[in-house]
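Visitor: I would like to test the labels on this structure. Please set each value against its cut-off.

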Protein chains: 2
Amino acid sequence: MPTFKITVAYDGTGFVGWQRQANGVSIQAQIEEALRELDGRDVTVIGAGRTDAGVHALGQVAAFTIARTLESAAVARALNGRLPPAIRVIAAEEAPAAFHPRFDARAKTYRYQLWNAEVMSPFERDYTWHLPGRLDIEAMDAAARLLEGRHDFAAFQATGSSVATTEREIFESVFRISEPAPRTPHLAPRTSQSQLLCYEVAGSGFLRHMVRIIVGSLVEVGRGRQPVDWIGRVIAARDRTLAGPTAPAQGLFLVGVEYAAALAAGS
Amino acid sequence: MPTFKITVAYDGTGFVGWQRQANGVSIQAQIEEALRELDGRDVTVIGAGRTDAGVHALGQVAAFTIARTLESAAVARALNGRLPPAIRVIAAEEAPAAFHPRFDARAKTYRYQLWNAEVMSPFERDYTWHLPGRLDIEAMDAAARLLEGRHDFAAFQATGSSVATTEREIFESVFRISEPAPRTPHLAPRTSQSQLLCYEVAGSGFLRHMVRIIVGSLVEVGRGRQPVDWIGRVIAARDRTLAGPTAPAQGLFLVGVEYAAALAAGS
């Protein structure tokens with residue numbers, strides 16, 4: 001009964017999110033269905049992060065155990081042959097039977113994209129938050145850096161969540177102008193600056209809606225409604241009502257998940 | 001009765017193409033419908049290029065004359081308020097009543113995108129041609145350069161077309177590795193090279209399917225099925241059956257259309 005670790009990219013548009021749900025099609029259910037065809041029995045897939053409806057992944061990690069003995073490359077090919085094109089297995093390797101994508105994760109990286117121009121690009125509408133108007137990018141980056149380190153992020157957690165601890169460590173938190181995508185139309189008014197902005201954050205783990213609430217808060221700073229050091233006060237207050245609004249799902253990407261080298265090697 | 005020149009970006013996925021057709025929704029019909037709401041009467045929209053079903057535009061140019069007296073910025077806003085998000089007016093300006101987007105065009109630029117990796121990106125499936133396997137990019141670029149200049153491109157025209165002349169001038173024709181898009185998943189096998197390749201071509205005008213047949217032919221060279229100088233022989237033969245297959249529509253983008261400065265200024 002080999003266990004496999006797979007890395008999955010998906011366009012979250014139109015899915016109810018990673019996790020299996022009664023009211024729509026989830027990424028997890030699609031992979032489990034493909035595995036049932038492949039293995040001739042029910043297979044449970046465990047993911048590293050439960051991305052919400054409309055959230056995308058460049059490198060979600062998931063694991064499962066099947067009865068058939070297959071090479072990891074054959075598993076990837078068989079899954080891609082059965083999955084819709086919005087979901088692609090981009091890597092597969094054997095893993096120890098005890099491997100757990102969520103509990104064993106050392107770090108996760110997320111990216112959040114914003115489109116800062118009057119007119120939205122037709123090609124970015126499912127992948128960015130449209131924010132016209134002036135944004136102070138330097139202030140947003142300075143505020144983003146204040147999140148680095150070990151903090152209690154209770155203020156940046158969806159209300160109604162219950163987790164053992166709201167303390168997390170953020171390794172890196174930056175806000176910057178992104179390189180334009182190859183199909184960026186030069187939307188009026190023409191500027192030399194890309195209209196694509198992004199927030200990138202790597203941390204030990206994330207609370208529910210944490211990245212989206214951080215982005216909603218950074219936008220408060222970028223719009224000049226709050227000063228840079230307000231972010232520090234929000235962290236200290238540990239009160240969700242003091243942070244900014246939750247940024248919409250479609251700008252968020254789970255970029256990757258890191259594990260200890262021994263696990264990654266499947267030993 | 002002011003005449004306006006608009007620049008339009010659209011995601012061609014799901015449309016029957018630029019031109020109004022009985023069997024589906026066209027970009028032209030969507031803009032004409034929005035203008036009818038705006039102007040209270042039927043308005044005809046003329047485009048610079050009739051893009052096919054699934055073909056995209058970063059800078060299609062179109063023109064129309066309306067009865068209402070409006071500022072060009074108000075026209076752009078009113079259209080964007082009525083158009084679906086897949087179609088965006090990115091610029092609008094007044095133009096002379098005689099302005100004709102197709103006849104007055106001095107040059108058009110197209111881009112064709114290819115995805116050269118074993119696994120397709122979920123984010124590029126509607127915007128690239130998936131071509132796994134080794135491609136000789138240097139040979140493709142050398143072949144692309146042979147198309148520059150004034151030639152009879154009869155071999156690169158869809159069969160059944162009837163135009164006065166198949167002679168066209170190509171100003172620039174290059175094939176190269178493109179910068180990776182911000183949401184490029186690093187698809188296995190990992191390489192330092194972007195999986196996104198592109199062909200960019202600027203010319204005085206293009207025959208039906210010309211860019212797609214050129215790309216299909218360059219791929220023959222890239223796969224080693226034909227030598228670089230074969231392209232020159234195909235041009236000389238003026239025979240469609242000797243050129244490569246027509247590349248699929250979804251990789252093609254109309255990047256922009258150029259006009260004489262006097263026209264562009266609306267004088």
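Visitor: Which backbone oxygen lies 2.7 Å from a polar atom of the side chain of Gln60(B)?

Guide: The backbone oxygen of Gly49(B). Note that this is a predicted model.

Visitor: What makes that a polar contact?

Guide: The cut-off is 3.5 Å between N or O atoms. The Gly49(B) oxygen, at 2.7 Å from the Gln60(B) side chain, falls within it. The backbone nitrogen of Ala48(B) lies 3.4 Å from a polar atom of that side chain, also within the cut-off.

Visitor: Why is Gln60(B) called buried?

Guide: Buried means under 20% relative accessible area. Gln60(B) has 0%, so the label applies. Gln60(B) sits in strand E3 of chain B, residues 56–65. Beyond its sequence neighbours within four places, its contacts include Trp18(B), Tyr10(B) and Leu254(B).

Visitor: Why is Thr13(A) called partly exposed?

Guide: Its relative accessibility is 36%. Partly exposed runs between the 20% and 50% limits, so Thr13(A) belongs there. Thr13(A) is in the loop between E1 and H1 of chain A.

Visitor: Which side chain makes a polar contact with the side chain of Thr13(A)?

Guide: That of Asp11(A), at 2.6 Å. Leaving aside neighbours within four places in sequence, Thr13(A) also touches Gly54(A), His56(A), Asp126(A) and Tyr127(A).

Visitor: How do you know that Asp136(A) caps the N-terminal end of H3(A)?

Guide: A side-chain oxygen of Asp136(A) lies 3.3 Å from the backbone nitrogen of Glu138(A). The limit for a polar contact is 3.5 Å, so the pair qualifies.

Visitor: Which residues of H3(A) are buried, and what covers them?

Guide: Ile137(A), Ala139(A), Met140(A), Asp141(A), Ala143(A) and Ala144(A) are buried in this helix, residues 137–145. Their cover includes strands E8 and E9 and helices H4 and H5 of chain A.

Visitor: What makes E10(B) a partner of E3(B)?

Guide: Pairing needs at least two bridges. There are 2 bridges between E3(B) and E10(B), so they pair, and they run parallel. His56(B) stands opposite Phe253(B) there.

Visitor: How many bridges join E5(B) to E10(B)?

Guide: 6, and these strands run antiparallel. Tyr112(B) stands opposite Leu252(B). E10(B) is mostly covered, with 5 of its 7 residues buried.

Visitor: How many aromatic pairs does a search of the whole structure find?

Guide: It finds 18 over all chains. One of them is Phe153(A) with Phe156(A), at 6.2 Å centre to centre and 65° between the planes.

Visitor: Why is that pair called edge-to-face?

Guide: The centres must lie within 6.5 Å, and edge-to-face needs planes over 60 degrees apart. At 6.2 Å and 65°, Phe153(A) and Phe156(A) meet both conditions, so the name fits. Phe153(A) is buried at 0%, and Phe156(A) is buried at 1%.

Visitor: What makes the pair of Tyr127(B) and Phe253(B) tilted?

Guide: Their planes are 40° apart, with centres separated by 6.4 Å. Stacked means under 30 degrees and edge-to-face over 60, so 40° is tilted. The two residues are 126 apart in the chain, with Tyr127(B) in the loop between E5 and E6 and Phe253(B) in E10. Tyr127(B) is buried at 5%, and Phe253(B) at 0%.

Visitor: Which residue forms one aromatic cluster with Tyr127(B) and Phe253(B)?

Guide: Phe123(A).

Terms used:
Residues are numbered from 1 along each chain as its sequence is written. Chains are lettered from A and ligands numbered from 1 in the order in which they are written. This is a predicted model: local features need pLDDT of at least 70, side-chain atom pairs count only at pLDDT 80 or more; totals for chains, interfaces and linings use all residues. Side-chain values use heavy atoms; hydrogens and water are left out. Buried means under 20% relative accessible area, exposed over 50%, partly exposed in between (1.4 Å probe, protein chains only). Helices (H or I, at least four residues) and strands (E, at least two) are DSSP runs, numbered from the N terminus. Contact means heavy atoms within 4.5 Å. A polar contact is a pair of N or O atoms within 3.5 Å; within protein, one must be able to donate a hydrogen and the other to accept it, and residues adjacent in sequence count only if both atoms are side-chain atoms. Rings of Phe, Tyr and Trp (its six-membered ring) pair if their centres lie within 6.5 Å; planes under 30 degrees apart count as stacked, over 60 as edge-to-face and the rest as tilted.
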